[in-house]
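Trainee: I am new to this structure and would like a close look at one part of it. Please take the small sheets and the turns beside them, and then go on to the ligand site.

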Amino acid sequence: MSDLVQDDLKYVWHPCSQMQEYVEHFPPLPIVRGHGSYLVTEDGREILDIISSWWCNLLGHCNPEISEALAEQAKTLEHVIFANFTHPWAVELCRKLKELLPEGLCHFNFADNGSSAVEMSLKLAFQYQQQIGECRRIRFACLTDGYHGETIGALAVGSMDLYTRLFKPMLMDALQVPAPDCFNCPYGKKRGSCSCECLEQAEKFFKEYGECLCALICEPLLQGAGGMRIYPEAYLRGLRRLCTEYGVLLICDEIATGFGRTGEMFASLKAKICPDLMCLSKALTAGYLPMSIVAATEKVYKAFYAPLDDPKIKGFVHSHTYAGNPLGCVCALTMLKILERDEILKKAKDKARFLTGLLEEKLKDFAEIGEIRHLGLIHAMPLVKDKESRKPLDPKLKTGYRLYQCALSHNLLLRNIGDLFYFNPPLNIDEADLEKAVDITVRSLKEVLAHKA
Ligand SMILES: *Cc1c(COP(=O)(O)O)cnc(C)c1O
């Protein structure tokens with residue numbers, strides 16, 4: 001074990017981890033460099049990062065253009081207080097986002113990570129309802145199996161037991177709408193050929209709680225951390241319609257889906273809806289720096305707009321120290337410039353088709369692959385007993401986790417969520433690397449599934 005790893009185990013407490021596992025069985029991999037889709041270890045192994053380092057690295061590690069722009073910016077202006085001050089890079093970024101986002105989102109409030117953006121959107125929604133006189137609207141709704149971050153407010157509108165159960169007594173009591181489940185559809189329908197029968201549950205929910213709801217928050221089209229659950233555009237449109245009908249704000253958490261991940265620039269655009277509030281982070285800075293933004297409509301913005309001493313209408317008294325950080329803004333601007341100039345989204349669509357075809361071909365003989373579901377370049381494969389019954393594997397076997405470890409031993413960084421594994425590569429990955437990722441996956445599956453019992 002290298003000195004670096006030894007010291008790591010002595011000092012560092014890693015995210016989302018049982019440290020005993022690190023110390024006793026599976027020490028962290030020391031990474032010293034990155035380039036394109038690859039991470040390079042201390043001892044020179046090249047690891048193919050097919051998950052964009054937790055979904056944020058949009059255009060490859062150490063993208064030369066972004067790195068260069070960041071270095072220049074660091075010599076020009078690294079940070080400035082964003083209350084009563086402004087700077088060209090934040091203004092330009094907002095102008096650009098307004099062009100790209102669904103029409104209607106036109107005011108931008110900065111924070112510094114995804115969870116903070118979610119918290120901000122909840123507070124904005126709450127204050128909005130108070131200030132337009134809808135004082136009884138104090139409850140929040142979310143979808144089951146949703147994920148919106150780890151801070152207390154974000155956790156409260158998440159509904160995955162894994163993250164929330166222990167903390168329940170600390171959390172506000174959000175209401176849950178049963179999310180669509182297209183893999184095990186309770187209506188017996190097949191993915192892509194239903195009429196969103198499950199929307200009736202949301203209708204019923206709104207009938208019951210619509211009057212007391214402040215906002216509904218959801219991950220549009222893709223519930224990421226909840227298991228890469230992909231659901232139909234029509235369902236999202238249904239939620240939009242219900243929110244409008246009942247005077248409830250719709251918050252789209254596009255932290256994972258924004259900036260081309262779903263094949264379109266934003267999942268909301270793909271579904272042709274405009275939320276009242278939208279949360280952006282992760283790919284926003286192409287994975288360079290923590291930054292997040294909440295985009296709001298004119299209607300929401302107006303509800304906060306009044307003279308300083310207005311007795312009823314207050315501004316939004318909420319701040320984060322690093323709000324509007326110029327370094328983050330420059331990364332975002334450079335990322336957007338590259339997306340546009342190099343037609344990255346158009347090319348990513350071809351790559352997505354290529355990857356889908358490849359996975360379908362190479363995984364077709366594995367009875368344990370329940371389905372290959374995909375949205376943009378995101379591809380997710382649940383592991384099951386057999387694809388006909390779709391019954392889950394015995395969780396005690398930790399098959400997904402073992403697949404993750406096995407692939408990593410072959411220099412592929414994929415990730416599992418329970419017994420599901422997924423790819424979420426940078427949009428500019430090349431086809432050779434996609435092929436390599438699939439080949440290593442096949443090899444790892446053979447090894448792991450052979451030693452199942
Ligand atoms: C990652 C994620 C978050 C949380 O973002 P952090 O920067 O990790 O706080 C919130 N919502 C969604 C949909 C995410 O994928």
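Mentor: Start with an open sheet of four strands, ordered β13-β14-β17-β16 and paired in the antiparallel sense. Its edges are β13, residues 373-375, and β16, residues 415-417; each has a single partner strand, so one side of each is left without a neighbour in the sheet. On average, neighbouring strands here are turned by 25° against each other, direction ignored. Bear in mind that this is a predicted model.

At one end of that order, β16 pairs with β17, residues 420-423, through three bridges in the antiparallel sense. One point to find on screen is Ile417, whose bridge partner in β17 is Leu420.

Now move back along the chain to Asn411, in the loop between α15 (399-409) and β15 (412-413). Asn411 is not a glycine, yet its phi is positive, at about 70°. Most residues other than glycine have a negative phi. As for cover, Asn411 is partly exposed, with a relative accessible area of 22%; the cut-off for buried is under 20%, so a value of 22% does not meet it.

The strand that follows this loop, β15, belongs to another open sheet. That sheet has four strands in the order β1-β2-β3-β15, and its pairing is mixed. Its edge strands are β1 (31-35) and β15, each of which pairs on one side only.

Follow the sheet across from β1. Four bridges join β1 to β2, and the two strands run antiparallel. Within this pair, His35 stands opposite Tyr38 of β2. The next pair is β2, residues 38-41, with β3, residues 46-49, again in the antiparallel sense and over three bridges. Here Leu39 has Ile47 of β3 as its bridge partner. These two strands form a hairpin with four residues between them, and Gly44 in the turn has a positive phi of about 90°.

The last pair in the order brings in the parallel part of the mixed sheet. β3 and β15 run parallel and are joined by two bridges. Leu48 stands opposite Leu412 in β15. In a regular strand the side chains alternate between the two faces of the sheet.

After β3, look at Ser52, which is placed in helix α3, residues 52-55. Ser52 also has a positive phi, of about 50°, although it is not a glycine. Its relative accessibility is 0%, and Ser52 therefore counts as buried.

Turn now to the ligand. The residues around it include Trp55, Asn113, Gly114, Tyr147, His148, Gly149, Glu219, Ile255 and Ala256. Also on the list are Ser115, Asp253 and Lys282, and these three are worth a separate look. The side chain of Ser115 has an N or O atom 2.5 Å from an oxygen atom of the ligand. In Lys282, an N or O atom of the side chain is likewise 2.5 Å from a ligand oxygen. Asp253 faces another kind of atom: one of its polar side-chain atoms lies 2.6 Å from a nitrogen atom of the ligand. On its own the ligand has 380 Å² of accessible area, and the protein covers 83% of that. Sorted by class, the shell consists of four nonpolar, five polar and three charged residues.

Two further residues complete the tour. Gln223 is found in strand β8, residues 222-223. With a relative accessible area of 1%, Gln223 is buried. Its side chain reaches the backbone oxygen of Thr144 at a distance of 2.9 Å.

Leu97 is found in helix α5, residues 88-100. Leu97 is buried as well, at a relative accessible area of 0%. Between Leu97 and Ala332 there is a separation of 235 residues in sequence, but their C-alpha atoms are 9.9 Å apart in space.

To retrace the path, begin at the antiparallel sheet β13-β14-β17-β16, and step back to Asn411 in the loop before β15. Then cross the mixed sheet β1-β2-β3-β15, and pass on to Ser52 in α3. Finish at the ligand, with Ser115, Asp253 and Lys282 as markers.

Note on methods:
Residues numbered from 1 in each chain as written. Predicted model: local features only at pLDDT ≥ 70, side-chain atom pairs only at ≥ 80, totals over all residues. Heavy atoms only, no water. Pairing = 2+ DSSP bridges. Axes fitted to C-alpha atoms, helices over the stretch in contact; angles between N-to-C directions. Buried < 20%, exposed > 50% of the residue type's maximum accessible area, 1.4 Å probe, protein only. Near = heavy atom within 4 Å. Polar contact = N/O pair within 3.5 Å; in protein donor to acceptor, adjacent residues only side chain to side chain. Areas by Shrake-Rupley, 256 points an atom, 1.4 Å probe, with all protein chains shown as cover. Nonpolar A, V, L, I, M, F, W, Y, C, P; charged D, E, K, R; others polar.
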